[in-house]
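Thank you for making the time this morning. I would like to walk through one protein with you, going from the overall fold down to a handful of single residues, so please have a look at it first.

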Amino acid sequence: MINSANEIMEPGVIRNSAGTLNQFTLGEPDGTISPRLRRISAALHSGGVAAPVTDAIRVEIWNKLLRNISTSPICAMTGEPIGAIGRHPELFALSRSLMEEALAVARAHGIDPGVDIDRVYARRYDTPHRSSMLQDFERSRPPEIDGLLTAVQQFARVARVPTPHLDAVTALVIEKARRLGLYPAGVW
């Protein structure tokens, strides 16, 4: 699981955003700490990349997913960096609702990412970082709609967890991407 906020400034030039962890958290799907995993971690560390090993990679993935799902689609729709969410009460409330819904989905599948919603939303976002989904739209690249949004919807449907905010935001992001030719046209 990569935890590094970056922006492609031009081909071959990547700007790393301040305040990011800049690490690759490694784990096996079955929760074991394999020799292979340790070798990969050691190789990354020797190259100067933090690469902690975990026996709970799904928790790490959901933790990052909660942060992304609560910011990326809002940024993609508004064209604003993450900090805009902290400046507008309506966006801040929507962001919180998206995180609450995704957290309920994770918990319904037996995964507790250890996220305290009240703690996360005790402080307004203020980062100037442009989410990867917004960067994708700005550069006419297909955004991570399925990996970030529709996958969580599918997990929600299986667990019968209602996700009204996620459903509405996903529909809007998909339509924007379709209109720009960045997502397949729907079949009705």
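Before I speak about charge, let me fix what I am counting: Lys and Arg are taken as positive and Asp and Glu as negative, while His and the chain ends are left out. On that basis the protein carries 21 positive and 20 negative charges, and the mean positions of these two groups are 2 Å apart. Please keep in mind throughout that this is a predicted model, and that every value I quote is computed from it.

Let me begin with the overall architecture. The protein has 9 helices and 4 strands, and if you follow the chain from the N terminus, the order of elements is β-β-β-β-α-α-α-α-α-α-α-α-α. The C-alpha trace spans about 45 × 40 × 40 Å along its principal axes. The radius of gyration is 17 Å, which agrees with the value near 16 Å that a compact globule of 188 residues would have. Of those 188 residues, 40% are buried, and the protein exposes about 10400 Å², of which carbon and sulfur atoms supply 57%. If we take the contacts with a separation of 6 or more, 62% of them are between residues 24 or more positions apart.

Now to the interior. Which residues touch the most other members of the largest nonpolar core? They are Leu 149 and Val 152, in a core of 38 residues. Helices α2 (57–69), α3 (72–78), α5 (89–108), α7 (132–138), α8 (145–159) and α9 (164–179) each supply at least two residues of this core, and α5 gives the most, with 8 residues. If we set aside the neighbours within four places in sequence, Leu 149 is in contact with Ile 69, Pro 73, Met 133, Glu 144, Leu 166, Thr 170 and Val 173.

Also on α8 you will find Gln 153, and here I would ask you to look at the side chain with some care. Is Gln 153 buried or exposed? Its relative accessible area is 14%, so Gln 153 counts as buried, the cut-off for that term being under 20%. Beyond four places in sequence, Gln 153 is in contact with Leu 166, Asp 167 and Thr 170.

A second polar residue to look at is Ser 95, which sits in helix α5 and which, at 0% relative accessibility, is buried. Its contacts, again leaving out the neighbours within four places, are Ser 70, Thr 71, Ile 74, Ile 85, Tyr 121 and Tyr 125.

Let me turn to some pairs that are far apart along the chain. Leu 134, in helix α7, is buried at 2% relative accessibility, and its C-alpha lies 8.8 Å from that of Ile 74, although the two are 60 residues apart in sequence. Outside its sequence neighbourhood, Leu 134 is in contact with Cys 75, Ala 76, Gly 79, Glu 80 and Pro 81.

In the loop between α6 (117–120) and α7 we come to Thr 127, which is partly exposed, with a relative accessibility of 25%. The C-alpha atoms of Thr 127 and Ile 82 are separated by 5.9 Å, with their positions 45 residues apart along the chain, and Thr 127 touches Pro 81, Ile 82 and Gly 83.

At the start of the chain, Met 1 belongs to the segment before β1 (2–3). Met 1 and Ile 61 are 60 residues apart in sequence, yet 6.2 Å apart from C-alpha to C-alpha. What does Met 1 touch beyond four places in sequence? The list is Gln 23, Phe 24, Thr 25, Ile 57, Glu 60, Ile 61 and Lys 64.

Finally, a word on the backbone. Most residues other than glycine have a negative phi. Against that background, Ser 140 has a positive phi, near 55°; this serine is in the loop between α7 and α8 and is exposed, at 55% relative accessibility. Arg 160 likewise has a positive phi, of about 60°; it lies in the loop between α8 and α9 and is exposed, with a relative accessible area of 78%.

That is where I will stop, and I would be glad to take your questions.

Note on methods
Residues are numbered from 1 along each chain as its sequence is written. This is a predicted model: local features need pLDDT of at least 70, side-chain atom pairs count only at pLDDT 80 or more; totals for chains, interfaces and linings use all residues. Side-chain values use heavy atoms; hydrogens and water are left out. The radius of gyration is taken over C-alpha atoms; the globule rule is 2.2 Å times the number of residues to the power 0.38. Buried means under 20% relative accessible area, exposed over 50%, partly exposed in between (1.4 Å probe, protein chains only). Contact means heavy atoms within 4.5 Å. Accessible areas come from the Shrake-Rupley method with a 1.4 Å probe; for residues, only the protein chains shown count as cover. The place of a charge is taken as NZ of Lys, CZ of Arg, CG of Asp or CD of Glu. A nonpolar core is a set of buried Ala, Val, Leu, Ile, Met, Phe, Trp, Tyr and Cys residues joined through side-chain atoms within 4.5 Å.
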